[in-house]
Every structure is written in structure tokens, then in C-alpha cells.
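Colleague: Hi! Could you walk me through this one? I'm new to reading structures.

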Amino acid sequence: MENESVAFRALLERMSQAICRGDGAAAAACFVPDGIYHDGFYGEFRGRAAIRDMVENRFHANARDFSWTLSDALSDGSLGYALYGFSYTSNIAGSEGARVFFAGIAQVRLKDALISRYGEVFDRGIALAQMNFPPERIAKSLARWAAEEKPAER
């Protein structure tokens with residue numbers, strides 16, 4: 001498991017640093033061709049072209065000066081988890097220049113030493129509050145995300 005964890009951390013470092021510098025192609029190359037990146041704000045992106053577009057036309061359109069640090073990366077070769085700290089400066093209208101920081105946990109499914117699914121858990125409300133969003137806007141966003149995560153009734 002130690003070798004798997006070392007390789008996993010290196011893969012996550014490649015992906016996160018590519019995202020920080022806005023290199024969507026390099027970030028997407030860390031995924032299998034039909035891989036999924038599920039972002040806590042923007043939702044799910046499937047396939048390398050969509051992941052590249054997310055990095056270049058969502059992340060880097062709405063923010064700058066990214067920093068992404070990883071710790072406690074563990075993997076058995078098919079599933080991995082890591083703690084992270086993520087920060088950026090907002091470019092979003094009404095929050096320009098606000099520095100945002102949040103910590104989270106990444107859950108990653110692996111296939112053939114690449115990412116098949118990246119997902120994350122973090123407190124979205126903390127990020128929105130740091131961008132000085134009005135309470136009503138934060139509540140509306142959190143309610144929408146809560147509805148998306150609610151399991152379908154059977």
C-alpha cells in the first residue's frame with residue numbers, strides 16, 4: 001500500500017499543479033479518457049475535453065492565484081483519499097479580489113494508474129462567505145446543492 005500511496009500522491013500533485021497553472025490538457029491527462037471530475041461548485045465533467053474546458057474556462061475564468069496543497073494521501077491502487085487545502089483570488093463580479101481558502105477531502109477512484117473519478121467534500125458555505133456573498137445568495141446556493149445530493153425516494 002505504501003507504493004500505491006506514493007504513486008497516488010504524485011498523480012494528485014500532477015493534476016492539482018496543472019490546474020493551479022491553468023494547464024487543462026495536463027490536468028485532463030491525469031484521467032482515463034472517460035474520467036470524471038466532480039467539482040463541488042460546478043458539478044460533474046466527464047471526459048478529458050470536458051475536464052480541460054472546466055480548468056481553462058471555469059476555474060481560470062472565475063479565479064486566479066491558485067494554491068492547492070495535499071496531505072495524508074493514501075491509496076490501495078484502486079481507491080485513494082487525500083486531505084487538501086485550496087485557495088484562490090476571486091474574479092467573480094461583486095467578489096473581485098477576495099481571497100478564498102477552504103480545506104477538504106478528495107476521494108479518487110483509479111484505473112490503470114490514472115483517475116477514473118475525482119470527487120471532493122468541503123464546506124461550500126465557507127467559500128461563499130469569504131467571497132462576501134449576501135446571506136440570501138449563500139442560502140439559495142446551499143439549498144440547491146442540498147437538493148442535488150438528496151437521494152431519490154424509492
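Modeller: Happy to! One term to start with: a polar contact is a pair of N or O atoms within 3.5 Å, and within protein one must be able to donate a hydrogen and the other to accept it. Also keep in mind that this is a predicted model.

Colleague: Okay, so which side chain makes a polar contact with the side chain of Arg99?

Modeller: That is Ser87, and the distance is 2.9 Å.

Colleague: And where does Ser87 lie?

Modeller: Ser87 belongs to strand β4, which covers residues 79–90.

Colleague: Is Ser87 buried or exposed?

Modeller: Ser87 counts as buried because its relative accessibility is 11%, and buried means under 20%.

Colleague: What else does Ser87 touch?

Modeller: Leaving out residues up to four places away in sequence, Ser87 touches Asp65, Phe66, Ser67, Arg99, Val100 and Phe101.

Colleague: Let's zoom out. How many helices and strands does the protein chain have?

Modeller: There are 5 helices and 6 strands. Along the sequence they follow the pattern α-α-β-β-α-β-β-β-β-α-α.

Colleague: What about the radius of gyration of the protein chain?

Modeller: The protein chain has 16 Å, which agrees with a compact globule, because one with 154 residues would have a radius of gyration near 15 Å. The C-alpha trace spans about 45 × 45 × 30 Å along its principal axes.

Colleague: How much of the protein chain is buried?

Modeller: Buried residues make up 42% of the 154 residues.

Colleague: Last one: how many charged side chains, positive and negative?

Modeller: The protein chain has 18 positive and 20 negative side chains, and the centres of the two sets lie 4 Å apart.

Note on methods
Residues numbered from 1 in each chain as written. Predicted model: local features only at pLDDT ≥ 70, side-chain atom pairs only at ≥ 80, totals over all residues. Heavy atoms only, no water. Helix = DSSP H or I, 4+ residues; strand = E, 2+ residues; numbered from the N terminus. Buried < 20%, exposed > 50% of the residue type's maximum accessible area, 1.4 Å probe, protein only. Contact = heavy atoms within 4.5 Å. Rg over C-alpha atoms; globule rule 2.2 N^0.38 Å. Lys, Arg positive; Asp, Glu negative; His and termini not counted. Charge placed at Lys NZ, Arg CZ, Asp CG, Glu CD.
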